[in-house]
Amino acid sequence: MPRYEVVLFDADHTLFDFDRAEREALRQTLEEAGLPADGETEARYLSINRALWNRLDRGEVRREWLVVERFAALLRALGRTGDAAALNRAYLDHLGEGSYLLPGAQALCRALAPRCTLAIVTNGVARAQRRRFEASPLNGLIPWLFISEELGASKPDSAFFAPVLRTLGNPDPRRVLMVGDNLLADIQGGIQAGLDTAWYNPGRLPGDPAIVPTWEVDGYAALQALILKEKKTIFNRGVPVAIPISAQTGAKQAAQAQSAASAGGGRGGVPRPDPDPISGPCPRGAHRRSEPACGGHSHPDSRTHAGAHAGAHTHAGADPCGL
C-alpha cells in the first residue's frame with residue numbers, strides 16, 4: 001500500500017515548465033503590441049508580476065485586478081500607453097498554448113496513477129490553466145483539476161482545500177499529501193488543511209522556519225519513492241542512515257551517524273530503524289522536516305471519474321507564476 005493514497009499536485013514549477021511557457025507567451029504578446037520584446041522588458045515584467053503574485057498569496061489583492069495591473073504597470077515603466085486588459089487577454093491566450101512539462105513529470109504521474117488518486121490544485125488563471133492541462137500528457141493520467149478562480153478561494157486559504165477534499169470523497173487526511181514548490185501557497189495551505197506536505201525543492205533553496213513541511217524532496221525520484229513507500233536507503237557523507245534527516249538537525253545527525261559508523265555502527269553496526277513503521281526509511285533526496293501523521297484508511301477512488309474536472313501555481317514562499 002502506498003504511503004499516501006491521494007496526492008494533490010501544484011501545477012507550475014511542480015509539474016509544468018511555467019518559465020518556458022511564460023517567456024514564449026510574453027514575447028508573442030509584446031511583439032504583437034509593438035512593444036520591446038527584449039531581455040530588459042522581460043525582466044521588468046517578471047519583477048512586477050512576481051511582486052503582485054506575492055501580494056495575492058498574502059491575500060492583499062484580487063486576481064482580477066492583478067492580471068490587468070501587471071501590464072498597466074509595465075506600460076507605465078516603459079513610458080507607453082495602451083490597453084492593459086487587452087494585453088492580458090492576448091498573453092493568457094498565448095500562455096494557454098504552453099503545456100510544457102518539467103522533465104520527468106509525466107513519468108512520475110504515470111508511476112503514481114495506478115496506485116494513487118491524483119489531482120492538480122492551482123491558483124492559476126482558469127483561461128490559461130484549463131487549456132494547458134487539457135493539451136498536456138497529464139490529461140490522461142490526472143483525473144482532477146481544481147482551479148482557485150473556479151472555486152472562489154485561493155491557496156493557502158482552507159476555503160480552497162475544503163471543496164477539493166469534499167469532491168474527492170473526504171479521504172482520510174492522514175493519507176493525503178500536498179506537493180508543491182511554494183512554501184506559502186502550497187505548504188502552508190496544506191498544513192492549514194490538516195494535510196501532510198512535501199516541499200518540492202529541486203534547487204535546494206533555504207526554507208522558512210515559520211513554515212515547516214512534513215517532507216522536503218529534491219527531485220521526482222525521491223518523491224515517487226516517498227509516496228509509494230519504496231524501500232531505499234539514503235546516504236549522508238557515505239554513511240547509510242535509515243531514518244529521515246530534518247533540515248534543522250541534519251548536520252548534527254549526520255555527524256552522529258558518522259561517529260557511530262566509525263565506532264562499529266552502534267546497536268551492532270546496523271542502520272537505526274525508522275521510528276515510523278508505516279513510513280519506512282526515507283528515500284534518497286527526501287528529508288522529513290516534521291513528523292507526519294500515519295494510518296491506514298480506504299478512500300474513494302476518484303479515478304473512476306476520469307475526465308471529470310472540478311472548478312486550480314509557485315517558488316519558495318512566493319508564487320511568481322503570473323498566469
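Which residues does Glu69 touch, not counting residues up to four places away in sequence? They are Leu52 and Arg76. This is a predicted model.

**Glu69**

Glu69 is found in helix H3, residues 63–78. At 16% relative accessibility, Glu69 counts as buried, because the cut-off for buried is under 20%. The C-alpha atoms of Glu69 and Asn88 are separated by 9.1 Å. Along the chain, Glu69 and Asn88 are 19 residues apart.

**Salt bridges**

Side chains of opposite charge can pair when their charged atoms come close. Here the count comes to 14 salt bridges. Three of them are set out below.

| Salt bridge | Closest N to O distance |
|---|---|
| Asp10 with Lys155 | 3.0 Å |
| Asp186 with Lys155 | 2.7 Å |
| Arg62 with Glu64 | 3.6 Å |

Take Asp10 and Lys155, which form a salt bridge. Asp10 lies in the loop between strand S1 (6–9) and helix H1 (18–32). Lys155 lies in the loop between helix H7 (148–151) and helix H8 (158–167). The pair therefore ties together parts that are 145 residues apart in sequence. Asp10 is buried, and Lys155 is buried too.

Asp186 and Lys155 also meet in a salt bridge, at 2.7 Å from N to O. This pair links distant parts of the chain, 31 residues apart. Asp186 sits in helix H9, residues 183–192, and Lys155 in the loop between H7 and H8. Both of these side-chain partners, Asp186 and Lys155, are buried. Together, Asp10, Lys155 and Asp186 are linked in a network of salt bridges.

Now Arg62 and Glu64, whose closest N and O atoms are 3.6 Å apart. Arg62 is exposed, with a relative accessible area of 61%. That value puts Arg62 in the exposed class because the class begins over 50%. Glu64 is partly exposed, at 46% relative accessible area.

**Helix H10 and its contact with H5**

Is helix H10 largely enclosed or left open by the rest of the structure? Seven of the nine residues of H10 are buried, so H10 is largely enclosed. The buried residues are Tyr220, Ala222, Leu223, Ala225, Leu226, Ile227 and Leu228. Lys229 follows H10 and has a positive phi, near 60°.

Two packed helices are described by the angle between their axes and the distance between the axes. For H5 (residues 105–112) and H10 (residues 220–228), the axes come within 10 Å and cross at roughly 10°. That makes H5 roughly parallel to H10, because angles under 35 degrees count as roughly parallel.

On the H5 side, Ala105, Leu108, Ala111 and Leu112 make the contact. On the H10 side, the partners are Tyr220, Leu223, Gln224, Ile227 and Leu228. The residues of this contact divide into eight nonpolar, one polar and no charged.

**Aromatic pairs**

A search of the whole structure finds six aromatic pairs. One of them joins Tyr200 and Tyr220, and it is stacked. The rings lie 5.2 Å apart, centre to centre, with 5° between the planes. Tyr200 lies in strand S5 (residues 196–200) and Tyr220 in helix H10, so the pair ties together parts that are 20 residues apart in sequence. Tyr200 and Tyr220 are both buried. Tyr220 thus has two roles to trace in the model: it belongs to the H5 contact and to the stacked pair with Tyr200.

Elsewhere, Tyr45, Phe71 and Tyr91 form one aromatic cluster.

How values were computed: Residues numbered from 1 in each chain as written. Predicted model: local features only at pLDDT ≥ 70, side-chain atom pairs only at ≥ 80, totals over all residues. Heavy atoms only, no water. Axes fitted to C-alpha atoms, helices over the stretch in contact; angles between N-to-C directions. Helix = DSSP H or I, 4+ residues; strand = E, 2+ residues; numbered from the N terminus. Parallel < 35°, antiparallel > 145°, perpendicular 65-115°, else oblique. Contact = heavy atoms within 4.5 Å. Nonpolar A, V, L, I, M, F, W, Y, C, P; charged D, E, K, R; others polar. Salt bridge = Lys/Arg side-chain N within 4 Å of Asp/Glu carboxyl O. Buried < 20%, exposed > 50% of the residue type's maximum accessible area, 1.4 Å probe, protein only. Phe/Tyr/Trp six-rings, centres within 6.5 Å; stacked < 30°, edge-to-face > 60°.
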